[in-house]
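Please look through the sequence and the model before reading on. The paragraphs below go from the overall form to single residues.

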Amino acid sequence: MESASQYGFYISSGSGAWSDYTATTASSMSWVYGYLMANTSYSVYVTAINSNGESGPSEIEESYTGIEAPEGIEFGIIKSSVIVVKATGEMSNLGYGISGWRVEAGTGASVGEVVGDTGWQKGSSGVEIGTELMANTRYYLRAQSRNGDGDETVYTGYISTYTNAEVPGKAIVRNATKNSVVVILSSETKNPVYTEYSIYNETAGKYVGSSGDLTGIAVWQTYGVWGGTQGIKNTGLSEETVYRYKVKSRNAVGIETEWSELSEEIETLGDVM
């Protein structure tokens with residue numbers, strides 16, 4: 001329409017009635033709608049108005065309003081290679097259009113170190129990070145959401161957590177004497193070198209100490225400090241006694257694994273007749 005003096009703006013949500021808003025002058029070719037619902041699809045068309053009346057409607061345009069950004073991240077099950085997470089906070093109409101939330105994880109607090117994410121989720125249940133993670137490793141996680149059109153929000157700040165350590169393999173026992181046994185930790189594990197282990201003498205009902213003696217308190221040391229491939233000599237044992245050992249590990253924040261399988265039996269020596 002030529003010489004329009006006003007424009008009429010019409011908006012509707014779903015099957016609702018069309019609301020009429022009229023700009024005051026021809027120079028006002030836009031209109032801001034307030035008090036709309038988050039992540040909701042609205043349809044809009046425009047008419048031109050002059051002294052001869054109102055034109056027909058323009059093509060109808062549809063668009064979703066923005067969605068609220070997540071407030072944070074909630075952790076579920078954490079294992080040596082798995083972290084279960086979900087985004088928290090009010091996110092309106094999840095599942096409308098392609099709306100949803102996702103959490104991504106990385107080995108550092110920067111975009112280039114991302115190792116996996118949950119993918120876009122529509123529900124409120126926790127979901128695994130979609131890649132096999134490394135044991136006893138610190139991961140940095142952040143969340144975002146997107147509306148029904150796929151417009152993404154900003155990310156939350158980073159929050160970090162460690163995966164659990166892997167349960168150790170059963171210890172190797174050898175070189176028994178009258179009062180000692182050499183105990184070697186299994187190297188069949190994906191735990192990083194800084195992972196700590198505790199050795200328990202099942203027969204004696206005590207832990208192996210840092211110098212190889214028996215103690216009532218758990219002693220935590222790395223694979224290397226426990227002697228690596230050479231192991232540690234557990235001393236102070238009784239003659240002609242069968243011994244078995246078990247081992248557990250813990251991650252960098254002190255979360256312990258279950259015990260390993262018991263070692264094979266080994267018997268200390270007695271006096272030679």
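What radius of gyration does the protein have, and what would a compact globule of 273 residues have? The model, which is predicted, has 33 Å, whereas a compact globule of that many residues would come near 19 Å. The box gives another view of the overall form: taken along the principal axes, the C-alpha atoms fill roughly 125 × 30 × 25 Å.

The secondary structure consists of 22 strands, with zero helices. Contacts across the chain can be sorted by how far apart the partners are in sequence. Taking contacts between residues at least 6 apart, 59% join residues at least 24 apart.

Next comes the surface. About 14,500 Å² of the protein is accessible, and carbon and sulfur atoms account for 48% of that area. Buried residues make up 40% of the 273 residues. On the side chains there are 17 positive and 32 negative charges, and the centres of these two sets lie 14 Å apart.

In soluble globular proteins, nonpolar side chains tend to be buried together. Here the largest nonpolar core has 16 residues, and those touching the most other members are Val181, Val183, Ile199, Trp226 and Tyr245. Two or more residues of this core come from each of β14 (180–184), β15 (196–201) and β21 (245–250). Apart from this core lies another one, of 14 residues, including Ile67, Ile73, Ala87 and Leu133.

Which residues does Val181 touch, leaving out those up to four places away in sequence? Among them are Val173, Arg174, Asn175 and Ala176, and also Ile232, Lys233, Asn234 and Leu237. Val181 also touches Tyr245, Ile266 and Thr268.

Two asparagines deserve a separate look for their backbone angles. Asn39 is not a glycine, yet its phi is positive, at about 45 degrees. Asn39 sits in the loop between β2 (19–22) and β3 (41–50). Is Asn39 buried or exposed? Asn39 counts as buried because its relative accessibility is 0%, and the cut-off for buried is under 20%.

The other case is Asn93, also a residue other than glycine, with a positive phi near 55 degrees. Asn93 is in the loop between β7 (83–88) and β8 (100–106). With a relative accessibility of 28%, Asn93 counts as partly exposed, since that class covers values between the 20% limit for buried and the 50% limit for exposed.

Conventions
Residues numbered from 1 in each chain as written. Predicted model: local features only at pLDDT ≥ 70, side-chain atom pairs only at ≥ 80, totals over all residues. Heavy atoms only, no water. Helix = DSSP H or I, 4+ residues; strand = E, 2+ residues; numbered from the N terminus. Rg over C-alpha atoms; globule rule 2.2 N^0.38 Å. Buried < 20%, exposed > 50% of the residue type's maximum accessible area, 1.4 Å probe, protein only. Contact = heavy atoms within 4.5 Å. Areas by Shrake-Rupley, 256 points an atom, 1.4 Å probe, with all protein chains shown as cover. Lys, Arg positive; Asp, Glu negative; His and termini not counted. Charge placed at Lys NZ, Arg CZ, Asp CG, Glu CD. Core = buried A, V, L, I, M, F, W, Y, C linked by side-chain atoms within 4.5 Å.
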